[in-house]
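Student: I'd like a close look at one part of a model, with its surroundings filled in afterwards. Could you walk me through it?

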Amino acid sequence: MAKSKGINTICTHVGELEDKEFRGAVSPLYMSTSYAFEDVETKRYPRYFNTPNQVALAKKMAALEHGEASLIFGSGMAAVSTSLMAFLRSGDHVVFQDSLYGGTSNLVTEEFDKFGIEYSFAKDAKIDSLAAEIRENTKLLYIETPSNPLLKITDMEGVARLAKENGLVSMIDNTFASPVNQNPIDFGIDVVIHSATKYMGGHSDILAGTVISSEENISRIFHMAKNLGGSLSDYTVWLLERSLKTMGLRVKAQNENAMKLAEFLNSHAEVTQVYYPGLKDHPDHELATRQMNGYGGMLSFELKESTDASEFMKALDLIKPSMSLAGVESTILLPSKTSHGLLSPEERHKQGIKDNLLRFSVGIEETEDLIADLEQAIKKVIKN
Ligand SMILES: *Cc1c(COP(=O)(O)O)cnc(C)c1O
């Protein structure tokens with residue numbers, strides 16, 4: 001039913017709780033951690049992911065991603081770790097694409113050995129490269145598209161097919177696209193994960209995560225989730241519901257701004273490279289057009305090597321340096337000094353992350369103001 005509604009209608013209405021007592025316009029907030037005991041099967045408790053607000057928001061999440069069911073977590077990493085652990089056991093093997101979110105690759109490289117879970121990182125995100133890593137004990141394929149920070153695109157339909165042919169579970173981190181721009185379940189992907197800290201929250205003030213899939217898969221993830229205990233406080237669940245009401249509007253504004261800024265940067269004499277899937281010269285442009293509803297609010301670019309990228313960042317006025325992303329405010333960072341700063345220079349270069357690469361999270365400000373800020377900062381650093 002929810003599937004047939006448009007994105008902004010889902011954002012605004014699906015899963016809302018009715019205020020029967022006072023007939024207020026928004027969902028009431030139920031902060032109880034203790035509920036009357038009914039029976040062992042249905043006991044309500046926040047760590048069981050079944051309080052009124054949690055269940056209501058999960059309905060909206062499932063509708064947004066065209067899935068049957070969902071769980072809401074205390075962080076994106078709680079959603080990632082719980083989902084992976086739900087499907088993997090000692091002796092299993094999992095294939096990851098290259099260039100994953102740093103927290104996810106830390107989880108894998110720092111923790112999986114302890115649990116006897118084997119893993120491989122494919123050499124890139126191409127289907128053949130993922131297929132080449134599949135072994136007899138492989139159980140799961142995990143991708144992230146668009147990728148951070150180079151906005152590479154992975155073929156979701158190809159991944160879903162590869163997984164089905166080999167009896168694997170396919171899992172995607174859909175954070176960068178948001179459900180506004182990409183719905184992986186429509187392409188056959190089994191499990192969709194979001195860091196709701198990013199576009200879903202959208203105001204840089206909520207830490208949360210979610211996973212969406214079939215009833216059967218969500219039930220499996222739930223059994224691991226209640227044991228690991230990564231649920232989200234109902235107060236934040238309520239705030240996240242509010243944030244999601246404007247997600248469609250925010251993300252569409254960010255898409256439009258990002259496209260215009262990518263074009264501006266791409267035609268600028270001082271900019272040597274722009275990475276944005278919406279540009280025709282992006283190597284995965286056609287694939288992005290096939291599987292995305294919009295090209296997203298993230299882009300990366302490089303200034304001429306003679307230009308000091310750190311100085312350029314300092315010269316920006318409106319656009320602020322920031323580690324995180326996807327807020328309504330525009331932010332920028334140097335991956336070589338931040339998100340990818342712990343990698344060796346060789347490893348960074350192997351991944352194609354140059355020292356002067358800038359990652360830009362485009363906000364909802366007026367396009368002209370953002371262009372003016374970039375222009376004045378470029379002028380300042382060239383003069384030096
Ligand atoms: C931020 C992020 C995460 C982790 O989410 P948290 O909410 O910080 O735990 C996972 N994947 C991607 C792509 C992210 O950007």
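Student: In which hand, left or right, does helix 2 pass helix 9 in their crossing?

Tutor: Happy to take you there, and please keep in mind that this is a predicted model. Helix 2 passes helix 9 in a left-handed crossing. Two packed helices are described by the angle between their axes and the distance between the axes. Here helix 2 covers residues 52–64 and helix 9 covers residues 234–245; the angle is about 35°, and the axes are 9 Å apart.

Now for the side of each helix that takes part. Helix 2 brings N53, Q54, L57, K60, M61 and L64 to the contact, and helix 9 answers with D234, V237, W238, L240, E241 and L244. Sorted by character, the residues of this contact of helix 2 with helix 9 are seven nonpolar, two polar and three charged.

If you follow the chain back from helix 2, you enter the loop between helix 1 (7–13) and helix 2, where F49 has its place. The backbone of F49 deserves a look: its phi is near 60°, a positive value in a residue other than glycine.

A second helix pair makes a good companion to the one you asked about. Helix 3 (residues 76–87) and helix 4 (residues 102–111) cross at roughly 40°, with axes that come within 10 Å. The crossing of helix 3 and helix 4 is right-handed. On helix 3 the contact uses M77, V80, S81 and L84, while on helix 4 it uses G103, T104 and L107. That contact of helix 3 with helix 4 divides into four nonpolar, three polar and no charged residues.

M77 also leads us to the ligand, as it is listed with D173, S195, T197 and K198 as the closest of the 13 residues that surround the ligand. Three polar distances are handy if you want to inspect the pose. A polar side-chain atom of T197 lies 2.6 Å from an oxygen atom of the ligand. For S195, an N or O atom in the side chain is 2.8 Å from a ligand oxygen atom. G76 takes part through its backbone, with an N or O atom 2.8 Å from an oxygen atom of the ligand. Taken alone the ligand exposes 380 Å², and the protein buries 93% of that. The shell around the ligand is made up of five nonpolar, five polar and three charged residues.

One last stop for your backbone checks is the loop between strand 4 (138–144) and helix 6 (156–165), which holds P146. The peptide bond joining T145 and P146 is cis, with omega about -5°. P149 is found in the loop between strand 4 and helix 6 as well, and the peptide bond from N148 to P149 is cis, with omega near 0°.

Technical notes:
Residues are numbered from 1 along each chain as its sequence is written. This is a predicted model: local features need pLDDT of at least 70, side-chain atom pairs count only at pLDDT 80 or more; totals for chains, interfaces and linings use all residues. Side-chain values use heavy atoms; hydrogens and water are left out. A residue is near a molecule or strand if one of its heavy atoms lies within 4 Å of it. A polar contact is a pair of N or O atoms within 3.5 Å; within protein, one must be able to donate a hydrogen and the other to accept it, and residues adjacent in sequence count only if both atoms are side-chain atoms. Accessible areas come from the Shrake-Rupley method with a 1.4 Å probe; for residues, only the protein chains shown count as cover. Ala, Val, Leu, Ile, Met, Phe, Trp, Tyr, Cys and Pro count as nonpolar, Asp, Glu, Lys and Arg as charged, and the others, Gly among them, as polar. Axes are lines fitted to C-alpha atoms, for helices over the stretch in contact, and angles run from 0 to 180 degrees between N-to-C directions. Helices (H or I, at least four residues) and strands (E, at least two) are DSSP runs, numbered from the N terminus. A crossing is left-handed if the near helix is turned anticlockwise from the far one by less than a right angle, and right-handed if clockwise. Contact means heavy atoms within 4.5 Å.
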